[in-house]
Amino acid sequence: MPDSAHASWGRYPASRPAAVTRATDRHRAVPEAATPVLAYGNGRSYGDSCLNNDGLLIDMGGLDRFIAFDAATGILECEAGVLLADILELVVPQGWFLPVTPGTQFVSVGGAIANDVHGKNHHVAGTFGRHVRSLDLLRSDGTALTCSPNDSADWFAATVGGLGLTGLVTRATIALKRIEGPYMDVDTLRFSNLDAFFDISAASDADYEYTVAWVDCTARGDKLGRGWFMRANHKPALGQQPDPRRRGGPTFPFVTPVSMINGATLRPLNTLYFHRKRKPRSRDTQHFQPYFYPLDGIRHWNRAYGPKGFLQYQCVVPHADARASIAELLERIAAAGAGSFLSVLKVFGNVESPGLMSFPRPGVTLALDFPNRGPETFALLDRLDEVVQAAGGAVYPAKDARMSSTAFNQYFPATERFKAFVDPAFSSDFWRRVTGEDS
């Protein structure tokens, strides 16, 4: 049985650490252990990159203190266990915002660095790691490094996107983004097929900081890739307005006996969502919380996928083959009848990622959640891998629970160079799987 307190967000695979210790002092040495060691942030990685079966997990939740914040410059210094939600609560009232945020605010700073997370503004801001000014790295041999793009730059590059394998990230300094208020000017457009998505995305990049699309992964033929495109900018202050914080939202009460996303519900849900608005375009003002974090409004929404959990699949394919590759991916998903309701399509820009092992790169990224149906789900994901590999793309380790070592080495050609920076005491279920160390 998995350790439910230290599971991954997809609730697959089952994994139980031999021991868990809580970090409370960022200056304390990495605990000695006879088994592999791994830091655990807030468990929002979907697969097994945050898991360490039969090993020692270091729960970073105790390193949750702010160290300094300059409200004039937006430079924030904090410990690695601080959540992005904590940062937003502190800085938004003072006119600052996260420079890059993923689709949940319940990610730790250490986790955001380890996975070099990205968001809806990748085409203008790149990844989270680009805005990290420095970080402290504690190695198992007692070495303490302060790394930045200019000092110990090779260690910085290995640690950003390094999946928590280079040692314990204990502190970070981050440059925030100035905003005038907590509201967003959101323009939502319905598009009829994949070509229309690419046209709208190309027309939006220059004028909108945030762009993303939901796609109906059950549609086929001339409707393949249809969906809704959401583009937005920060809006000037509107005075006193309600703040719909998502920390206290409703909780999904239990793990359902079977996945609520299944063959009987998938097509109706997608069709209803595609036709949810009478008009094909709407423009409105939204608080940043529901715009950036719609799923955070329901705590433990992952329970809706049932006892077997789910697998998220996020890939990126280069621009040169993007239209054909994304079309083929969507066609294979629709043909399998095993698609996702949470299907996200986004164009990555040409902003270079700072990490040796960073996932984002120029191209188009598609992310989907698949209920775990056992062999048929894994077979479908293998078929999706074929498309991604043929295009010269990659799959995101933070969302993965099953890629092969062969695929991993193709997706991340710097792997051999990266291994020189891996702390010999650190490992994870993911790392042992993709390096063959668990065989």
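Start by selecting Asp385 and Arg402: their side chains form a salt bridge, with 2.6 Å from N to O. You are looking at a predicted model, so please read each stop on this tour in that light.

Now colour the backbone around this pair. Asp385 belongs to helix α9 (residues 375–391), while Arg402 sits in the loop between β18 (394–395) and α10 (405–411), 17 residues apart. Switch on a surface and ask: are these two partners buried or exposed? Asp385 is buried, at 5% relative accessibility, and Arg402 is buried too, with a relative accessible area of 12%.

Keep both selected and add Asp48, Asp382, Asp400 and Arg433. Salt bridges with shared partners connect these residues with Asp385 and Arg402 in one network.

Next, move to Glu77 and Arg171. Here the side chains meet in a salt bridge with an N to O distance of 3.2 Å. Show the strands as well: Glu77 is part of strand β5 (residues 75–79) and Arg171 is part of strand β9 (residues 168–175), so this salt bridge ties together parts that lie 94 residues apart in sequence. With the surface on, Glu77 is partly exposed, at 23% relative accessibility, whereas Arg171 is buried at 7%.

For the third pair, pick Arg323 and Asp199. A salt bridge joins their side chains, 3.8 Å from N to O. Which elements does it link? Arg323 lies in helix α8 (residues 322–336) and Asp199 in helix α5 (residues 194–204), distant parts of the chain that are 124 residues apart. Arg323 is partly exposed, with a relative accessible area of 41%, and Asp199 is partly exposed at 48%.

If you would like to keep exploring, there is plenty to find: the whole structure contains 24 salt bridges. As background, side chains of opposite charge can pair when their charged atoms come close.

Finally, select the cysteines. How many disulfides does the structure hold? The count is 0. Begin with Cys50, which is in no disulfide; its nearest cysteine sulfur belongs to Cys78, 20 Å away. Cys50 counts as buried, with a relative accessibility of 8%.

Then jump to Cys315. Why does its sulfur make no bond with the one in Cys217? Cys217 holds the closest cysteine sulfur, but the two are 13 Å apart, which is too far for a bond. Leave the surface on for a last look: Cys315 is buried, with a relative accessible area of 1%.

Note on methods. Residues numbered from 1 in each chain as written. Predicted model: local features only at pLDDT ≥ 70, side-chain atom pairs only at ≥ 80, totals over all residues. Heavy atoms only, no water. Disulfide = S-S within 2.5 Å. Buried < 20%, exposed > 50% of the residue type's maximum accessible area, 1.4 Å probe, protein only. Salt bridge = Lys/Arg side-chain N within 4 Å of Asp/Glu carboxyl O. Helix = DSSP H or I, 4+ residues; strand = E, 2+ residues; numbered from the N terminus.
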